[in-house]
Amino acid sequence: MNGCFAVYCREMLLMQKKIGKLGYVFSAVMFPVIYLFAFGLGLGSRVEVSGGYVPFLTTGIVSLTVMLNSFQQTALSVSAGRLYFHTFQTVFLSPVPALQIVGGIVLAGITRGVLMGGLVYSVAWLAFAVPALSGIAVIAILLSAFFFAALGVALGLAIADPDDISLVNNFIITPMIFFCGSFFPVQNLPPALQTIVSVLPLSLANKLMRLPAWDSQAAANTAILGLMGLGLLLWGARGLKNYSE
């Protein structure tokens with residue numbers, strides 16, 4: 001565990017240097033905040049959703065913010081460190097076990113995702129007086145950050161060019177942003193598309209974010225997200241063990 005904490009501290013120091021620049025934080029949350037205000041002000045009084053559209057939208061925006069920042073933090077850190085800056089090799093050659101290295105990087109990704117998601121929620125709370133997040137929503141945020149941070153590590157180790165991350169963004173991340181219930185209920189989609197979308201990780205996170213109380217559905221979604229994240233964590237650790245460049 002000491003090795004995991006050491007890697008986490010390294011990643012956080014690298015992230016701290018970036019966060020110290022105002023433009024970094026601004027760019028990380030600008031996209032979600034624009035959508036929050038555009039949809040919240042433009043559609044807030046016109047769309048009927050149980051509990052109100054703005055609270056519904058806020059949970060979706062927070063969820064996609066966590067996804068974007070958790071994934072980008074780890075995917076870019078690993079891929080750019082491997083292929084451009086060659087700093088990842090020093091971590092790989094350290095006596096720290098592969099699982100602890102991957103775990104430390106994932107923890108840093110979770111931290112960034114939760115931090116940026118919290119900033120976006122704070123903006124929504126100040127601007128629209130949305131209600132506080134429930135305990136289930138907090139669990140959803142942590143599990144979503146875990147899944148997408150682990151996905152970033154696994155892909156960061158697998159790709160041959162950091163530019164390949166843009167392909168993942170275009171064909172995986174972006175479709176989830178618009179189809180997984182962040183802006184409108186998944187039930188509004190055609191039945192066939194609902195079936196596909198409902199099993200995607202961002203959909204599971206959004207469902208958890210909006211559940212009023214703990215029930216069997218909450219337990220199932222929690223277990224699925226957690227197991228998928230754990231699988232990606234182990235996949236990343238295996239990829240690191242087989243790493244050679």
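Start at helix α9, which gives the most to the lining of the largest pocket: 5 residues. Keep in mind throughout that this is a predicted model.

**Stop 1: the largest pocket**

Select Phe56, Asn206, Lys207, Arg210 and Leu211. Of the 30 residues that line the largest pocket, these lie nearest its centre. The space in this pocket comes to about 640 Å³. Now colour α3 (53–83) and α9 (201–210), the elements that give two or more residues to the lining. What classes of residue make up the lining? Count 15 nonpolar, 13 polar and 2 charged residues.

Stay on α9 and pick Ala205, which is found in this helix. Is Ala205 buried or exposed? Its relative accessible area is 1%, under the 20% cut-off, so Ala205 is buried. Next, draw a distance from Ala205 to Val33. Their C-alpha atoms are separated by 19 Å, and the two residues are 172 apart along the chain.

**Stop 2: the whole protein**

Zoom out and switch to a cartoon view. How many helices and strands are there in the protein? There are 10 helices and 0 strands. Trace the chain from the N terminus and the elements run α-α-α-α-α-α-α-α-α-α.

Show the C-alpha trace alone and turn it about its principal axes. Along them it spans about 55 × 40 × 30 Å. How does the radius of gyration fit a compact globule? For 245 residues, such a globule would have a value near 18 Å; the protein has 18 Å, so the two agree. Colour by accessibility next: buried residues make up 49% of the 245 residues.

**Stop 3: helix α5**

Select residues 98–128, which form α5. Put a distance between the end C-alpha atoms of this helix. They are 44 Å apart. At 1.5 Å a residue, the 31 residues of α5 should span 45 Å, so the model agrees with expectation.

Two residues in α5 deserve a click. Take Gly117, found in this helix. Gly117 is buried, with a relative accessible area of 2%. Add Gly60 to the selection: the C-alpha atoms of Gly117 and Gly60 are separated by 10 Å, while 57 residues part them along the chain.

Then take Val120, also placed in α5. Its relative accessibility is 1%, so Val120 counts as buried. Which distance separates Val120 from Thr65, C-alpha to C-alpha? The value is 7.7 Å, for residues 55 apart along the chain.

**Stop 4: Ala129**

Step off the end of α5. Just after this helix comes Ala129, with a positive phi of about 55°. Most residues other than glycine have a negative phi. Ala129 is not a glycine, yet its phi is positive.

Where is Ala129 placed? Ala129 is in the loop between α5 (98–128) and α6 (135–158). Show the surface here. Ala129 has a relative accessible area of 62%, over the 50% cut-off, so this residue is exposed. Set that beside Val120, which is buried at 1% relative accessibility.

**Stop 5: helix α7**

Select residues 164–179, the 16 residues of helix α7. From first C-alpha to last, α7 reaches 22 Å, close to the 22 Å expected at 1.5 Å a residue. Look along the helix for a bend. Where is the kink in α7 centred? The kink is centred on Asn170 and comes to about 35°.

Now show side chains for Ile165, Val168, Asn169, Ile173, Met176 and Ile177. These residues of α7 are buried. Asn169 is one of them, and the kink centre, Asn170, follows in the numbering.

End just past this helix. Gly181 sits just after α7 and takes a positive phi of about 85°. Compare the end of α5, where Ala129 takes a positive phi of about 55°.

Methods: Residues numbered from 1 in each chain as written. Predicted model: local features only at pLDDT ≥ 70, side-chain atom pairs only at ≥ 80, totals over all residues. Heavy atoms only, no water. 1 Å grid on protein atoms, 1.4 Å probe; cavity = no way out; pocket = protein on both sides within 12 Å on 5 of 7 lines; lining within 4 Å. Points joined across faces, edges and corners; volume = space filled by probe spheres on them. Helix = DSSP H or I, 4+ residues; strand = E, 2+ residues; numbered from the N terminus. Nonpolar A, V, L, I, M, F, W, Y, C, P; charged D, E, K, R; others polar. Expected span 1.5 Å × (residues − 1). Bend = angle between axes of the 7 residues up to and from the residue. Buried < 20%, exposed > 50% of the residue type's maximum accessible area, 1.4 Å probe, protein only. Rg over C-alpha atoms; globule rule 2.2 N^0.38 Å.
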